[in-house]
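Visitor: I would like a close look at a single part of this model. Please take one residue and work outward from there.

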Amino acid sequence: MIGTLVKSKAGHDKGTIYVVIKEDEKNVYVSDGRLKSVEQPKKKNIRHIQPIKKCCSDELVNKLLQQMTVRDEEIKRFIKLYQNGN
């Protein structure tokens, strides 16, 4: 699920689009590159998100899986590309 674009289904951020940065058993950690940065991602319950699609770039997914440095600008760019395509 890492690198997937998701939409928040519950909470005060309902409807916000995020990228999954990391995950554990019941939660995922998401970033939008603006309010929730890569360094301080938002913790969301898996039941409170809806997967939209795989991320636009295999490069970003590989960086996340290998725990390499990912910049907020990269996250913002992929979210913007998705929003402009719809």
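Guide: What follows starts at Asn-45 and moves out to the sheet around that residue.

This is a predicted model, in which local features need pLDDT of at least 70, side-chain atom pairs count only at pLDDT 80 or more, and totals for chains, interfaces and linings use all residues. Residues are numbered from 1 along each chain as its sequence is written, and side-chain values use heavy atoms, with hydrogens and water left out.

Asn-45 belongs to strand β4, residues 42-45. Strands here are DSSP runs of E with at least two residues, helices are runs of H or I with at least four, and both are numbered from the N terminus. The side chain of Asn-45 comes to 2.8 Å from the backbone nitrogen of Arg-47. That is a polar contact: a pair of N or O atoms within 3.5 Å, where within protein one must be able to donate a hydrogen and the other to accept it, and residues adjacent in sequence count only if both atoms are side-chain atoms.

Beyond four places in sequence, Asn-45 is in contact (heavy atoms within 4.5 Å) with Lys-26 and Asn-27. Glu-25 lies 20 residues from Asn-45 in sequence, with a C-alpha to C-alpha distance of 9.6 Å.

Asn-27 is in strand β3. Setting aside residues up to four places away in sequence, Asn-27 touches Lys-43, Lys-44, Asn-45 and Ile-46. Asn-27 counts as buried because its relative accessible area is 16%; buried means under 20%, exposed over 50%, and partly exposed in between, with a 1.4 Å probe and protein chains only.

Strand β3 covers residues 27-31 and is joined to β4 by four bridges, the two running antiparallel. Strands pair if DSSP finds at least two bridges between them. Across this pairing, Val-28 stands opposite Lys-44.

The wider sheet is open and has five strands, ordered β4-β3-β2-β1-β5, with antiparallel pairing. β4 is an edge strand, as is β5 (49-54), each pairing on one side only. From one strand to the next the twist averages 45°. Helix α2, residues 72-85, packs on the sheet and touches β1 (4-8), β2 (17-23), β3 and β5, with its direction at about 135° to that of β2. For these angles, axes are lines fitted to C-alpha atoms, for helices over the stretch in contact, and values run from 0 to 180 degrees between N-to-C directions.
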